[in-house]
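Me: I'm new to reading protein models, so can we go through this one together? I'll ask, and you walk me through the reasoning.

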Amino acid sequence: MQAVSNVQSRLLALVKSILDQNAIAADLKPATLLVDVGLTSMDMVNLMLAVEAEFDFTIAQSEITPENFQSVETLTRLVVGQLASATAA
């Protein structure tokens, strides 16, 4: 469970960084919809690249879906799943 909360806190920091770059002040929680706090499609691309850099893996094309990028919560599931598959391989 510790790994999940570590991943989630790192993801929250990445999203907050993008919000700060855009001068958007938002009350960000894990379940907050990212489009609702003002992230644009270009911000989502930047977020995807930041996630790949932060966790040192490439997100499979099939995983780059609106569902996986809805919130920090959905991103956490994606990242934890990717890290688990990398460990299992």
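Reply: Sure! One cut-off to start with: a residue counts as exposed when its relative accessible area is over 50%, as buried when that area is under 20%, and as partly exposed in between. Keep in mind that this is a predicted model. With that cut-off, D27 is exposed, because its relative accessible area is 60%.

Me: Where along the chain does D27 sit?

Reply: Look at the stretches that link the helices. D27 belongs to one of them, the loop between α1 and α2.

Me: Okay, and how many helices and strands are there in the protein chain?

Reply: Reading along the sequence, you meet the pattern α-α-α. No strand shows up in that pattern. The count is zero strands and three helices.

Me: What radius of gyration does the protein chain have, and what would a compact globule have?

Reply: The C-alpha atoms fill a box of roughly 40 × 30 × 20 Å along the principal axes. For 89 residues, a compact globule would have a radius of gyration near 12 Å. The chain agrees with that, since its own value is 12 Å.

Me: What share of the residues is buried?

Reply: Remember that buried means under 20% relative accessible area. Across the 89 residues of the protein chain, the buried share is 35%.

Me: Which residues touch the most other members of the largest nonpolar core?

Reply: In soluble globular proteins, nonpolar side chains tend to be buried together. Here the largest nonpolar core has 23 residues. The ones touching the most other members are L11, V15, L34, L39, L47, V51 and F69.

Me: Which helix supplies the largest share of this core?

Reply: α1 (2-21), α2 (41-55) and α3 each give at least two residues to the core. The largest share is seven residues, and the helix behind it is α1.

Me: Which residues does L11 touch, leaving out those up to four places away in sequence?

Reply: L11 is one of the core residues touching the most other members, and it lies within the 2-21 span of α1. Leaving out residues up to four places away, its contacts are V51, F55, V72, L75, T76 and V79.

Me: Is T74 buried or exposed?

Reply: T74 sits in helix α3, which covers residues 72-88. Skipping residues up to four places away in sequence, T74 touches E67, N68 and F69. Its relative accessibility is 9%, so T74 counts as buried.

Me: What about T87 and S85, are they buried, partly exposed or exposed?

Reply: Both are placed in helix α3: T87 is found there, and so is S85. T87 has 67% relative accessibility, so T87 counts as exposed. S85 has a relative accessible area of 46%, so S85 is partly exposed.

Me: How far is S85 from L39 in space?

Reply: Along the sequence, S85 and L39 are 46 residues apart. Going from C-alpha to C-alpha, the separation in space is 29 Å.

Me: Which value of phi does A23 have, and what is it for D56?

Reply: A23 lies in the loop between α1 and α2, while D56 is in the loop between α2 and α3. A23 is exposed because its relative accessible area is 72%, and D56 counts as exposed because its relative accessibility is 70%. Neither is glycine, yet phi is positive: near 55 degrees for A23 and near 55 degrees for D56.

Me: How far apart are D36 and A26 in space?

Reply: D36 is in the loop between α1 and α2. With 61% relative accessibility, over the 50% cut-off, D36 counts as exposed. D36 and A26 are ten residues apart in sequence, and their C-alpha atoms are separated by 9.5 Å.

Me: How far apart are the centres of the positive and negative side chains?

Reply: The protein chain carries 4 positive side chains and 10 negative ones. Take the centre of each set, and the two centres lie apart by 8 Å.

Me: Last one: what share of the accessible surface belongs to carbon and sulfur atoms?

Reply: The accessible surface of the protein chain comes to about 5,300 Å². The part belonging to carbon and sulfur atoms is 57%.

Notes: Residues are numbered from 1 along each chain as its sequence is written. This is a predicted model: local features need pLDDT of at least 70, side-chain atom pairs count only at pLDDT 80 or more; totals for chains, interfaces and linings use all residues. Side-chain values use heavy atoms; hydrogens and water are left out. Helices (H or I, at least four residues) and strands (E, at least two) are DSSP runs, numbered from the N terminus. Buried means under 20% relative accessible area, exposed over 50%, partly exposed in between (1.4 Å probe, protein chains only). Contact means heavy atoms within 4.5 Å. The radius of gyration is taken over C-alpha atoms; the globule rule is 2.2 Å times the number of residues to the power 0.38. Accessible areas come from the Shrake-Rupley method with a 1.4 Å probe; for residues, only the protein chains shown count as cover. Lys and Arg count as positive and Asp and Glu as negative; His and the chain ends are not counted. The place of a charge is taken as NZ of Lys, CZ of Arg, CG of Asp or CD of Glu. A nonpolar core is a set of buried Ala, Val, Leu, Ile, Met, Phe, Trp, Tyr and Cys residues joined through side-chain atoms within 4.5 Å.
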